[in-house]
Structures are given as structure tokens and as C-alpha cells.
Amino acid sequence: MGNMDCTSMDTFVTDESGAKRRIRLENNIVRWRTVRNPDGTTSRESNARFVRWSDDSLQLLIGNEVLDISVQDAQHDQAHLFRRHGKGILQSQGRLLRKMRFMPSSLSSNSHRQLTALVDSRHKKVYKVKNCITDIDPEREKEEKEKV
């Protein structure tokens with residue numbers, strides 16, 4: 001597994017007019033590649049780094065984006081990691097004992113702004129004008145009911 005095509009990571013949002021907008025999350029995609037060193041050995045380069053700070057907090061740096069990480073116990077979740085081989089064949093790699101949650105480190109980060117826009121677009125109330133076509137004039141019908 002190497003670099004993934006960024007177009008497969010695009011997220012689409014439908015706005016109030018019904019048009020689809022693309023939200024590109026390419027700034028927080030972890031990429032890596034294998035490189036050959038001058039001595040003939042190979043190593044991996046990445047745009048991401050895990051950083052453990054002196055207060056024992058953990059962050060993931062992806063390019064210019066900073067994500068805070070919280071590590072939680074997952075022993076009671078019965079979560080397992082599987083590897084797919086071809087069609088329909090899964091091989092268990094083991095049980096997951098911990099899980100990580102990644103959150104934008106600040107409200108001004110690009111990731112936070114894009115995710116907020118994604119959530120807002122899904123929950124935005126859309127007011128539409130309802131059209132009703134009748135053979136009878138509604139005002140005249142109302143006047144006739146008032147006369148009776």
C-alpha cells in the first residue's frame with residue numbers, strides 16, 4: 001500500500017439548491033512512499049508525524065494540520081482488525097485493545113472549518129415555497145364559504 005489517489009478521498013456535500021459540492025480533505029491525508037537511500041537500503045518517508053509531548057498528550061502532524069489524539073481502552077468493544085484477500089476472503093490480524101480519536105486541535109484549523117461546513121450543510125433547514133395548482137380561485141372559494 002502506497003499513496004492513495006486523492007480523488008478517492010473526496011467528500012461531496014449537497015447544498016440547499018441541490019447541487020453537489022466537493023469538500024477536499026487532502027490536507028489531512030497521510031501519505032508515504034518508499035525511497036532508496038544512498039547506501040542501497042530502503043526507508044519510508046511520510047508527511048505525518050506522531051508527537052508525544054512532555055505532558056503525555058499526543059498529536060498527529062500531517063503537513064500543516066495538527067490533530068489532537070485521545071487514546072481509549074477498547075478491550076470491551078470486541079473490535080477486530082481484518083485483512084481482505086481478494087473477494088470475500090478475510091484474515092484476522094488480531095483484536096484491537098485501544099482506539100484513537102483524532103480531533104482538530106483548534107477551531108481555526110482548516111480541518112475544523114471543513115468538517116463544520118460538512119455538518120452544517122447536512123443540518124441546514126431549507127425553506128421551500130410550496131406550489132398548489134387549482135381550478136378554483138382560492139379567494140373566491142373563501143368568499144363563498146363566508147357568505148354561507
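**Exercise 1. Determine how many residues separate E6 and E7 in their hairpin, and how strand E6 is paired on either side.**

Step 1. E6 and E7 form a hairpin that has two residues between the strands, and Gly 63 in the turn takes a positive phi of about 60 degrees. Helices (H or I, at least four residues) and strands (E, at least two) are DSSP runs, numbered from the N terminus. The model is a predicted one, in which local features need pLDDT of at least 70 and side-chain atom pairs count only at pLDDT 80 or more, while totals for chains, interfaces and linings use all residues. Residues are numbered from 1 along each chain as its sequence is written, and side-chain values use heavy atoms, with hydrogens and water left out.

Step 2. Strand E7 (residues 65-73) pairs with E6 in the antiparallel sense over five bridges, where pairing requires that DSSP finds at least two bridges between two strands. Within this pairing, Leu 61 stands opposite Val 66 in E7.

Step 3. Strand E5 (residues 48-52) is also joined to E6 by five bridges, and these two strands run antiparallel. Arg 52 has Leu 58 in E6 as its bridge partner, and the hairpin of E5 and E6 has five residues between the strands, with Asp 56 taking a positive phi near 75 degrees.

**Exercise 2. Decide whether Gln 59 is buried or exposed, and describe its surroundings.**

Step 1. Gln 59 belongs to strand E6 (residues 58-62), a strand that is mostly covered, with four of its five residues buried. Buried means under 20% relative accessible area, exposed over 50%, and partly exposed in between (1.4 Å probe, protein chains only).

Step 2. Because its relative accessible area is 15%, Gln 59 counts as buried.

Step 3. Not counting residues up to four places away in sequence, Gln 59 touches nine residues by name, among them Phe 50, Trp 53, Val 66 and Ser 105, a contact being heavy atoms within 4.5 Å. Asp 68 is also touched, and the side chains of Gln 59 and Asp 68 make a polar contact at 2.7 Å. A polar contact is a pair of N or O atoms within 3.5 Å; within protein, one must be able to donate a hydrogen and the other to accept it, and residues adjacent in sequence count only if both atoms are side-chain atoms.

**Exercise 3. Find how many salt bridges the structure holds, and locate each one.**

Step 1. The structure holds three salt bridges, each defined as a side-chain nitrogen of Lys or Arg within 4 Å of a carboxyl oxygen of Asp or Glu.

Step 2. Glu 45 and Arg 33 meet through their side chains in a salt bridge (2.8 Å, N to O). This pair links distant parts of the chain, since Glu 45 lies in strand E4 (residues 42-46) and Arg 33 in strand E3 (residues 32-36), twelve residues apart. Glu 45 is partly exposed at a relative accessible area of 35%.

Step 3. Asp 56 forms a salt bridge with Arg 52, with the closest N and O atoms 3.4 Å apart. Asp 56 counts as exposed at 54% relative accessibility, and Arg 52 counts as exposed at 53%.

Step 4. The side chains of Asp 77 and Lys 99 meet in a salt bridge (3.2 Å, N to O). Asp 77 lies in the loop between E7 and strand E8 (80-85) and Lys 99 in strand E10, so the pair ties together parts that are 22 residues apart in sequence.
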